[in-house]
Every structure is written in C-alpha cells, then in structure tokens.
Amino acid sequence: MPGRVEIGAGAGVAHRHPQGSAVEEDRGLKAQSHQRARPDQDLEDWKGLAAVLSTKVERTYDPIERAELLRRGASVLEELLGDPEAAIELYERAVERAESPTRAITYLFKIGAVYEDLLGEPAQAAHAYQRILELDPDGLGAIHALQRATERAGRRAAAAWASRCVAG
C-alpha cells in the first residue's frame, strides 16, 4: 500500500503523515526497542563514533571540515560519554582551526560552559570568556558570562570590572 513503510520484520508499520512525519502504529516496536541495545553496547558505539571522528580529523586537510569534526567529537565526549576534560581538548583544537573569529567564539563559549557547568571551575570558564573578549571586545554575551563566572569564582574585582563594561 502506498504511504506504508516497513520497520523491520513484523515490527510494525508506520504511516506517513501529510506533513511528512512518520506515525508509529504497532505496540511491538516499544517492546523491541527495550530489547535492542544494552547500555554498555551504547557506550561502546559512542566510543567508536568518537574514534571515527578522530581518524577523520587526522585525514582531512580542509580546515573548516576539520574544525567541524573536532566540534562533533567534543560534543560526543561531552554529552554522550561524560568526558568533559577530553571535550575541552577538542574544543581547544577547534578554536585553533576555526575559519573565523565568530566560529572561534562559538567554541570558546562551549569551553566556558563545560568548565562552568560540568566541571564546576568558574575561574577556568572566566578565562575562556576573556579570550572571547579579546576577539570581540564589545561582546555583551561574553561580558555577562565573564561577570557570572568571576562572581562564582569569588573574584569580585574582576566581576566589578565586567559590570563597568556593561554600564559604560
């Protein structure tokens, strides 16, 4: 029947919604999804993806593609493997290879967020935000992030300086 898509042998049928999304129809899909993968297997799959991305980084000569692969690898390490230190290393390499200051700023914000939110190291986050301000001295987002991080780090003098930057 047109519009039907098989989802595995006997697993069920999905109909195409008029706007293009698939709608699940069979209750058997839920049962299969619980049997499909073990958490340790998922972890190995993500580690494998990180290794593939690392290999691709070493084999590509395009700096834009290389920076994007580093960002993807860092994201896998940060969000899926729970390895924020290794993620920071890849984000730093992406900053070095960024094709524009705007892209470097994006990676530096990620570095700051990992230090601040995942590692609880606001002083290190403040350093990342200061690096952003070297690239964009008027960057209001970086000024606010620096103020927040320095306040968290207990460095009131630097926080007061950041407040003066916002005011004036």
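## Starting point

Is Lys110 buried, partly exposed or exposed? Lys110 comes out as partly exposed, because its relative accessible area is 28%, and the buried class stops at under 20% while the exposed class starts at over 50%. Keep in mind that this is a predicted model, so all the numbers here describe that model.

## Overall layout

The protein chain has eight helices and three strands. Going along the sequence, the pattern reads β-β-β-α-α-α-α-α-α-α-α, so the strands come before the helices. Of the 168 residues in the chain, 33% count as buried.

## How the helices pack

A quick reminder before the pairs: two packed helices are described by the angle between their axes and the distance between the axes. Helix 5, residues 101-118, turns up in each of the pairs below.

Take helix 4 (residues 84-97) to begin with. The axes of helix 4 and helix 5 come within 9 Å and cross at roughly 160°. Angles over 145 degrees count as roughly antiparallel, so that is the label for helix 4 and helix 5. The crossing of helix 4 past helix 5 is left-handed.

Next is helix 3, which covers residues 63-80. Helix 3 packs with helix 5 at an angle of about 15°, and their axes are 12 Å apart. With angles under 35 degrees counted as roughly parallel, helix 3 and helix 5 are therefore roughly parallel to each other. Helix 3, too, passes helix 5 in a left-handed crossing.

Then there is helix 7, residues 140-153. Helix 5 and helix 7 have axes 12 Å apart and an angle of about 20° between them, and therefore this pair is roughly parallel. Helix 5 passes helix 7 with a left-handed crossing.

## Salt bridges

Side chains of opposite charge can pair when their charged atoms come close. Searching the whole structure turns up ten salt bridges. One of them brings Lys110 back into the picture: the side chains of Glu79 and Lys110 meet in a salt bridge, at 3.9 Å from N to O. That pair links distant parts of the chain, with Glu79 in helix 3, Lys110 in helix 5 and the two positions 31 residues apart. Helix 3 and helix 5 are also one of the roughly parallel pairs described above.

Within helix 3, Arg72 forms a salt bridge with Glu68, and the closest N and O atoms are 3.3 Å apart. Because Arg72 and Glu68 sit four residues apart in helix 3, about one helical turn separates them. Arg72 is partly exposed at 41% relative accessibility, and Glu68 is partly exposed at 21%. The value for Glu68 lies just outside the buried class, which needs under 20%.

Another salt bridge joins Glu99 and Arg103, where the closest N and O atoms are 3.9 Å apart. Glu99 is partly exposed, with a relative accessible area of 36%, and Arg103 is partly exposed as well, at 31%. Zooming out, Glu68, Arg71, Arg72, Glu99 and Arg103 belong to one network, joined by salt bridges that share partners.

## The nonpolar patch and helix 2

On the surface, Trp46, Leu49, Val52 and Leu80 form a nonpolar patch, with about 320 Å² of accessible area together. Helix 2, residues 39-59, gives the most to this patch, contributing three residues. Val52 is found in helix 2 and is partly exposed, with a relative accessible area of 46%. A patch residue needs over 30% relative accessible area, so Val52 at 46% meets that cut-off.

Two polar neighbours in the sequence are worth a look as well. Ser54 is found in helix 2 and is partly exposed at 40% relative accessible area. Thr55 is in helix 2 too, and Thr55 counts as partly exposed, with a relative accessible area of 35%.

For readers who think in contacts, Leu69 gives a handy reference point for both. Ser54 and Leu69 are 15 residues apart in sequence, yet 7.7 Å apart in space, C-alpha to C-alpha. For Thr55 and Leu69, the separation is 14 residues in sequence and 9.7 Å in space, again C-alpha to C-alpha.

Terms used
Residues are numbered from 1 along each chain as its sequence is written. This is a predicted model: local features need pLDDT of at least 70, side-chain atom pairs count only at pLDDT 80 or more; totals for chains, interfaces and linings use all residues. Side-chain values use heavy atoms; hydrogens and water are left out. Patches are made of residues with over 30% relative accessible area and no salt bridge: like charges are joined within 9 Å, nonpolar side chains (Val, Leu, Ile, Met, Phe, Trp, Tyr) within 5 Å. Accessible areas come from the Shrake-Rupley method with a 1.4 Å probe; for residues, only the protein chains shown count as cover. A salt bridge is a side-chain nitrogen of Lys or Arg within 4 Å of a carboxyl oxygen of Asp or Glu. Buried means under 20% relative accessible area, exposed over 50%, partly exposed in between (1.4 Å probe, protein chains only). Axes are lines fitted to C-alpha atoms, for helices over the stretch in contact, and angles run from 0 to 180 degrees between N-to-C directions. Angles under 35 degrees count as roughly parallel, over 145 as roughly antiparallel, 65 to 115 as roughly perpendicular and the rest as oblique. A crossing is left-handed if the near helix is turned anticlockwise from the far one by less than a right angle, and right-handed if clockwise.
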